[in-house]
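Colleague: Please take a close look at one part of this model for me, the lining of the largest pocket. Follow it into whatever else shares its elements.

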Amino acid sequence: MILLALLSLSTCVALAAPTRKVVVHKDEVVTVKTALGIATIIQVPDQPSSVVLGDAAAFKVEYLDQAITIKPLHGRAVSNLFIHTDYDRFSVKLVTGAQVLSDYVVYLAPFREPKPRMPGGFDKSLSWKVVGLAKNSQLGKVILSRIAKTSDRVFIEMEITAKNSYRLDPGIFWLSQGLQYQPIQELLLSSLEVKAGRKVTATLVIRKSDLKLNKAISVEVRSKDKVSFPLRKELVWNE
């Protein structure tokens with residue numbers, strides 16, 4: 001029985017996802033898990049213009065800049081939450097449960113239909129540096145091919161060549177610095193349809209003001225597995 005209890009506890013811990021990013025489609029309701037004694041942060045891309053809580057007796061809600069802090073007021077607290085910004089509206093369902101399953105930070109990002117990448121569209125104005133980091137994943141061969149910089153932005157170009165055909169999910173691209181995830185301002189894809197043996201190009205556009213100054217970054221590609229491409233700070237910041 002003790003062994004069974006330990007296995008159950010380890011399973012709960014494994015299921016916990018304290019920090020996660022959710023790409024939200026129109027009218028989609030996102031469930032955020034809270035717990036007594038835990039402050040959960042919901043982070044949105046722009047400063048909220050209003051935050052509307054369905055049951056004010058169920059949760060304490062505060063917000064500053066782009067972060068909304070949620071604390072349940074009792075163990076069975078459940079409510080809906082609407083977050084309005086100048087550009088988007090997010091619908092959230094708040095539930096309360098065990099601490100090991102609660103969210104610590106949830107990043108909400110609106111789904112944007114990727115703009116087709118125009119071949120050579122950046123080449124005329126940017127000076128690219130070849131990186132050539134390659135890794136294999138269940139998506140196929142993934143290459144972080146090159147990087148370019150301006151005074152206020154970083155451009156990262158990636159290539160995916162798959163053995164099988166599938167539809168590419170734009171939400172697989174992540175950017176982090178240390179343990180903190182950072183926003184990707186724009187994602188440009190040559191195609192959403194990946195054909196077996198053919199290459200799809202993705203260009204990530206990142207604002208330097210969203211990054212920690214003079215710190216390294218890491219680009220992650222997540223599907224059924226995850227591959228990570230760490231980039232030293234000199235590649236990101238040095239001219």
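Modeller: Strand S9 gives the largest share of the lining of the largest pocket, five residues. The model is predicted, so local features need pLDDT of at least 70 and side-chain atom pairs pLDDT 80 or more, while totals for chains, interfaces and linings use all residues. Residues are numbered from 1 along each chain as its sequence is written, and side-chain values use heavy atoms, without hydrogens or water.

A pocket here is an open set of points on a 1 Å grid over the protein atoms alone, where a 1.4 Å probe fits, with protein on both sides within 12 Å along at least five of seven lines; lining residues have an atom within 4 Å of a point. Strands (E, at least two residues) and helices (H or I, at least four) are DSSP runs numbered from the N terminus.

The largest pocket holds about 1200 Å³ of space, a volume being the space filled by probe spheres set on the grid points, which are joined across faces, edges and corners. Its lining has 35 residues, with Pro-45, Ala-109, Pro-183, Ile-184 and Gln-185 nearest the centre. Besides S9 (105-110), S1 (19-24), S3 (40-43), S15 (173-177), S16 (180-181) and S17 (186-189) each supply at least two lining residues. By class there are 20 nonpolar, six polar and nine charged; Ala, Val, Leu, Ile, Met, Phe, Trp, Tyr, Cys and Pro count as nonpolar, Asp, Glu, Lys and Arg as charged, and the others, Gly among them, as polar.

The second largest pocket has about 190 Å³ of space. Among its lining residues are Val-24, Phe-90 and Pro-110. Strand S8 (residues 89-96) provides the largest share there, three residues. Its classes are four nonpolar, two polar and six charged.

S15 and S17 also supply at least two residues each to the largest nonpolar core, as does helix H2 (233-237). Such a core is a set of buried Ala, Val, Leu, Ile, Met, Phe, Trp, Tyr and Cys residues joined through side-chain atoms within 4.5 Å, where buried means under 20% relative accessible area (1.4 Å probe, protein chains only). This core has 32 residues, and Ile-156, Phe-173 and Leu-231 are among those with the most contacts inside it. Contact means heavy atoms within 4.5 Å. Leaving aside neighbours within four places in sequence, Ile-156 touches residues including Leu-144, Leu-204, Val-219 and Leu-231. A second, separate core of 18 residues includes Ala-58, Leu-81, Phe-90 and Leu-108.

Note on methods
Buried means under 20% relative accessible area, exposed over 50%, partly exposed in between (1.4 Å probe, protein chains only).
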